[in-house]
Amino acid sequence: MTEHLVEEGMREWASPLYSEALSQFNRVAELIELDPNIAARMRVPQRAIIVTIPYRRDDGTEVKSLFGYRVQHVLTMGPTKGGIRYAPDVNLGEVAALAMLMTWKCAIVGLPFGGAKGGVRVDPTTLSRAETQRVTRRYTAEIVDFIGPTKDIPAPDMGTDEQVMAWIMDTYSQQVGHTEPAVVTGKPPALGGSVARREATGRGLVSLVPAAAAQRGLSTDGIRVAVQGFGNVGRYASLAAAQAGAKVVAISDISGGFYNGKGIDVMAAIDHMDRHRSLDGFAGGDRISNADLIGADCDILMPCATGGVITGANAGEVKAKIVMEGANGPTTLEADGILNAKGVLVVPDVLANAGGVTVSYFEWVQDVQKYLWTESEIVGRLREIMSRAYEDVQSLATKHKTDLRTAALIRGIKRVAEAKLARGVYP
Ligand code: NAD
């Protein structure tokens with residue numbers, strides 16, 4: 001038994017998000033009567049790497065050090081896959097929890113990956129471009145032995161983007177002595193990045209709107225959507241929703257939000273964001289706070305910013321009939337219970353935002369096999385995988401008389417358990 005690892009591990013990984021991920025896992029493990037040996041192994045990551053990253057500030061004299069992490073949760077299914085986050089509150093526990101969520105997410109949509117996640121504890125807005133490049137290159141050099149196309153493939157997450165992926169790819173390639181595009185996904189298309197990766201998570205999320213709306217008897221035409229966060233996920237979710245005929249009534253970023261019952265001009269908001277790097281000063285709606293946005297008058301609430309924003313304290317205020325989780329872990333367990341009791345349909349992160357890792361998988365396949373797929377081929381395959389996964393989870397939910405989150409986790413956990421049992425214990 002490896003139960004002691006869990007208890008000891010809680011000291012290493014203790015964090016609110018890890019506790020939530022573990023509680024979710026334990027609930028489902030009990031429900032499906034998961035083999036206790038397998039369950040104990042799945043509760044803790046297989047590998048966790050902590051590095052310190054010295055970098056020189058632009059003044060040329062000061063050298064600062066940062067903490068960096070890479071956690072690989074399950075190595076059973078193939079290489080591991082997961083984003084890299086640059087944020088001031090990144091810690092080992094949070095990264096471990098997100099790696100675990102990635103394992104379930106990949107298994108739910110049937111990708112041949114285990115889950116991983118990485119991060120650097122830094123506020124990326126305090127770094128110049130040159131400093132970001134130095135931090136990224138040193139972080140990559142520190143974890144170089146643990147990543148690679150057959151080992152672990154990073155991607156962008158909060159605070160990182162295509163450019164950061166390009167620097168990781170270049171640093172890795174310099175270290176191994178040949179150009180290796182397949183070491184990361186979410187790269188610029190010029191380096192073998194997928195032409196559809198940037199929009200993938202938002203697009204995948206919105207591709208599930210018709211199925212979710214049908215479950216609540218809503219028409220998608222003019223359906224009112226409120227989106228929190230206007231980064232990679234939020235901006236493309238807003239755009240895809242508007243393009244699909246929905247009315248985007250609220251948007252926000254860290255500076256606050258805007259509400260417009262007639263519908264926000266999403267292209268104007270994107271244009272404002274591109275020019276000012278913030279939604280602050282946007283003139284297309286009434287000013288609201290991020291707290292107001294959670295309780296905004298709408299049909300679908302899409303939290304696409306960060307974790308823990310729908311809590312026991314504000315879940316009662318949610319007016320939306322559907323919550324679609326673009327962000328990872330936006331709803332606490334307590335809030336989840338409140339939303340379910342109110343009859344709100346929650347499409348969980350592990351299913352709702354799986355479009356990103358799905359197109360990342362296509363990008364990795366393209367890089368490894370040297371394929372060139374068009375945008376419409378990629379988007380077609382993305383929609384197919386997302387709607388197949390939704391149908392699968394929905395029918396599992398009906399069969400088990402449970403909510404979509406529980407059903408999705410049942411699917412993900414069962415697939416990983418099956419693979420672990422088939423491989424056995426080494427040696
Ligand atoms: P990003 O850094 O591009 O954008 C984050 C956005 O959220 C920004 O607009 C920021 O201003 C806003 N924000 C940050 N903190 C906020 C707060 N407390 N309140 C309101 N707004 C806030 O990040 P991203 O890549 O869009 O990721 C957002 C979320 O989606 C994260 O939880 C991430 O793990 C998850 N996710 C991302 C992807 C992806 O492909 N990028 C895939 C799956 C899940």
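## Report on a predicted two-domain model with a bound ligand

Leu75 is found in the loop between β2 (63–72) and β3 (80–87). Helices (H or I, at least four residues) and strands (E, at least two) are DSSP runs, numbered from the N terminus. This is a predicted model: local features need pLDDT of at least 70, side-chain atom pairs count only at pLDDT 80 or more, and totals for chains, interfaces and linings use all residues. Residues are numbered from 1 along each chain as its sequence is written, and side-chain values use heavy atoms, with hydrogens and water left out.

**Leu75 and its surroundings**

Leu75 is partly exposed, at a relative accessible area of 26%. The classes are buried (under 20% relative accessible area), exposed (over 50%) and partly exposed (in between), with a 1.4 Å probe and protein chains only. Leaving out residues up to four places away in sequence, Leu75 touches Gln46, Arg47, Thr80 and Arg423. Contact here means heavy atoms within 4.5 Å. Lys420 lies 345 residues from Leu75 along the chain, yet their C-alpha atoms are separated by 9.6 Å.

**Domains**

The protein chain is divided into domain 1 (45–180) and domain 2 (200–352). These bounds come from an automatic or database domain assignment. The C-alpha centres of domain 1 and domain 2 lie 27 Å apart. Eight residues from domain 1 and seven residues from domain 2 make the contact.

**Nonpolar cores**

A nonpolar core is a set of buried Ala, Val, Leu, Ile, Met, Phe, Trp, Tyr and Cys residues joined through side-chain atoms within 4.5 Å. The largest one has 100 residues. Within this core, Leu34, Trp104, Met302 and Val347 touch the most other members. Helix α4 (residues 92–109) gives the most to this core, with 14 residues. Domain 1 (45–180) and domain 2 (200–352) each supply at least three residues to this core. Another core, of 23 residues, lies apart from it. Its members include Ile53, Val120, Val135 and Val164. In soluble globular proteins, nonpolar side chains tend to be buried together.

Which residues does Trp104 contact, leaving aside its neighbours within four places in sequence? They are Phe25, Met42, His73, Val350, Leu409, Gly412, Ile413 and Val416.

**The ligand**

The ligand is surrounded by 22 residues. A residue counts as near if one of its heavy atoms lies within 4 Å of the molecule. The closest are Arg85, Asp157, Thr201, Val233 and Asn328. The table lists polar contacts (pairs of N or O atoms within 3.5 Å; within protein, one must be able to donate a hydrogen and the other to accept it, and residues adjacent in sequence count only if both atoms are side-chain atoms).

| Ligand atom | Protein partner | Distance |
|---|---|---|
| Oxygen | Gly159, polar backbone atom | 3.1 Å |
| Oxygen | Phe230, polar backbone atom | 3.0 Å |
| Oxygen | Val233, polar backbone atom | 2.9 Å |

On its own, the ligand has 830 Å² of accessible area, and the protein covers 84% of that. Accessible areas come from the Shrake-Rupley method with a 1.4 Å probe; for residues, only the protein chains shown count as cover.

**Helix α10 and the loop after**

Asp271 lies in helix α10. Asp271 counts as partly exposed, at 38% relative accessibility. Asp271 and Phe282 are eleven residues apart in sequence, and their C-alpha atoms are 9.7 Å apart. Ser278 sits in the loop between α10 (266–276) and β9 (286–288).

Is Ser278 buried or exposed? Ser278 is buried, because its relative accessible area is 18%. The side chain of Ser278 reaches the backbone nitrogen of Asp280 at 2.9 Å. Ser278 also touches Asp253, Ser255, His272 and Met273, not counting residues up to four places away in sequence.

**Backbone details**

Glu33 is not a glycine, yet its phi is positive, about 50°. Glu33 is found in the loop between α2 (16–31) and α3 (36–42). At 71% relative accessibility, Glu33 is exposed.

Lys370 also has a positive phi, near 60°, in a residue other than glycine. Its place is the loop between α14 (355–369) and α15 (375–400). Lys370 is exposed, at 62% relative accessibility.

Which residues does a cis peptide bond join? They are Tyr426 and Pro427, with omega about 5°. Pro427 is found in the segment after α16 (404–423).
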